[in-house]
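Colleague: I have a structure open and would like to go through it with you. Shall we start at the ligand?

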Amino acid sequence: MIPPSFDYHAPRSLGEAVSLLASLGEEAKLLAGGHSLLPMMKLRFAQPAHLIDLGAIQDLRGIREESGTLVIGAMTTEAELLGSALVRSKVPLLAEGASQIADPQVRYKGTIGGDLSHGDPGNDHPALMLALDAQFVLTGPRGQRTAPANGFFLGLYSTQLAPDEILTQIRIPIPAAGTGWSYQKLKRKTGDFATAATAVLLRMKGTAVAQAAIALTNAAPTALRATAAERALAGKALDAASLAEAARLAMSICQPAADLRGDVAYKTAMCGEMTRRALQAARARAGT
Ligand SMILES: Cc1cc2nc3c(=O)[nH]c(=O)nc-3n(C[C@H](O)[C@H](O)[C@H](O)COP(=O)(O)OP(=O)(O)OC[C@H]3O[C@@H](n4cnc5c(N)ncnc54)[C@H](O)[C@@H]3O)c2cc1C
């Protein structure tokens, strides 16, 4: 299938991209890796008259550490995340999540910024960012603002990004040493979106949970933070009873859409199971 025709723009700086987006208005769409946008254009769900390709803007690339924060340019690809020793050593949850996105071809072109901006609850980065308490830097004609991941995702394909704003940076507080992590994703086959998935960060104090962050993928119109489940675990040993209660509380906030991956009851049950598995795997990696 061939997408409708469009004018192509390739700004070389962020300032140029912001000006173009402001002047072309809602007729324009930003192009990152194109692995969500182009399929939507081919299906006529999106018909932008202009595409603004962010690919030549060097300021939107790169991964660095800055005062306890991992700073990632929005145009960083999944393959670059996976190849980064900094990501693997400082925020291994992100590497584990990125490794389960799609297939090598998609990971070579798809970007973390595009994955987040798209607002698809089936994408994996939104839940990872919720669990990691990430902050997003948004740049537009009025300047820069920072939006926490928690509250950024408003609904199906809807985020806090204004039509004239560009997601430029993802800022992730580096978890304390000894923090356990896991991203457990159930998918029908390699390259598929999640039937259900759970991201967990876990800190233990002796045998009790000191702090848990739990976030769910594809369980509702947006990624969800399972705060009741997190609270229920605090101060408890991670045993069969507390795991079952955390899974139950995670399932209680699920509102998945029935589709070829399963009906509502199955997807909700799988969300509980992924939560239980992610907590167990994070426990095995956490220091005490
Ligand atoms: C076969 C297949 C399987 C896939 N499986 C998965 C999966 O398992 N998990 C997963 O998470 N994803 C999956 N994806 C989606 C893939 O990860 C996409 O690459 C991602 O959703 C979008 O990133 P992109 O860089 O390709 O963005 P694009 O497709 O270029 O853009 C997506 C949207 O975001 C906007 N946008 C892009 N960058 C910015 C920015 N910096 N600021 C503001 N708006 C911006 C665009 O205008 C567009 O509306 C899959 C895709 C395919 C084709």
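Modeller: Yes, and keep in mind that this is a predicted model. The ligand is surrounded by 30 residues. The closest are Ala32, Gly33, His35, Gly110 and Gly114.

Colleague: Which element gives the largest share of the shell around the ligand?

Modeller: The elements that give two or more residues are β2 (28-31), α2 (37-42), α7 (112-117) and β10 (166-173). The largest share is four residues, and it comes from α7.

Colleague: How many residues of the shell are charged?

Modeller: Sort the shell by class. Nonpolar residues number 14 and polar residues 13. The charged residues number three.

Colleague: Which domains each give at least three residues to the shell?

Modeller: The domain assignment lists domain 1 (7-53), domain 2 (61-173) and domain 3 (184-283). At least three shell residues come from each of domain 1 and domain 2.

Colleague: Which element gives the largest share of the side of domain 1 that touches domain 2?

Modeller: The C-alpha centres of these two domains are 19 Å apart. In the contact, twelve residues of domain 1 meet 17 residues of domain 2. By class, the domain 1 side has seven nonpolar, four polar and one charged residues. Five residues, the largest share of that side, come from α1.

Colleague: Then look at α1. Why do its buried residues line one face of the helix?

Modeller: Helix α1 spans residues 14-24, and its buried residues are Ala17, Val18 and Leu21. An α-helix has 3.6 residues a turn, so residues three or four places apart point the same way. Gly15 and Ser23 are exposed on the other side of α1. The buried residues line one face because, seen down the axis of α1, they fall within an arc of 100 degrees.

Colleague: Which strands are included in the cover over the buried residues of α1?

Modeller: Start from the residues to be covered: Ala17, Val18 and Leu21. Their cover includes β2, β3 (50-53), β6 (135-140) and β10.

Colleague: Which strand gives the most to the largest nonpolar core?

Modeller: This core holds 84 residues. Leu93, Ala131, Val200, Ala215, Leu216 and Ala250 touch the most other members. Ala131 itself touches Leu93, Ala199, Val200, Leu201, Ala213, Ile214 and Ala215, leaving out residues up to four places away in sequence. The strand that gives the most, with seven residues, is β12 (196-205).

Colleague: How far apart in space are threonine 227 and alanine 215?

Modeller: Threonine 227 lies in helix α9 (residues 227-233). In sequence, threonine 227 and alanine 215 are twelve residues apart. In space, C-alpha to C-alpha, the distance is 8.5 Å.

Colleague: Two loop residues caught my eye. Is serine 67 buried or exposed?

Modeller: Serine 67 sits in the loop between β4 (63-66) and β5 (69-73). Its phi is positive, near 45 degrees, though serine 67 is a residue other than glycine. Serine 67 has 6 other C-beta atoms within 10 Å, so it counts as exposed.

Colleague: And is asparagine 218 buried or exposed?

Modeller: Asparagine 218 is in the loop between β13 (208-217) and β14 (224-225). Asparagine 218 is not a glycine, yet its phi is positive, about 60 degrees. The cut-off for a buried residue is 20 or more other C-beta atoms within 10 Å. Asparagine 218 has 30 C-beta neighbours inside 10 Å, so it counts as buried.

Note on methods:
Residues are numbered from 1 along each chain as its sequence is written. This is a predicted model: local features need pLDDT of at least 70, side-chain atom pairs count only at pLDDT 80 or more; totals for chains, interfaces and linings use all residues. A residue is near a molecule or strand if its C-beta atom, placed from the backbone, lies within 6 Å of it. Ala, Val, Leu, Ile, Met, Phe, Trp, Tyr, Cys and Pro count as nonpolar, Asp, Glu, Lys and Arg as charged, and the others, Gly among them, as polar. Domain bounds come from an automatic or database domain assignment. A residue is buried if 20 or more other C-beta atoms lie within 10 Å of its own, exposed if 12 or fewer, and partly exposed in between; C-beta atoms are placed from the backbone. The arc is that of the directions from the helix axis to the C-beta atoms. Two residues are in contact if their C-beta atoms, placed from the backbone, lie within 7 Å. A nonpolar core is a set of buried Ala, Val, Leu, Ile, Met, Phe, Trp, Tyr and Cys residues joined through C-beta atoms within 7 Å.
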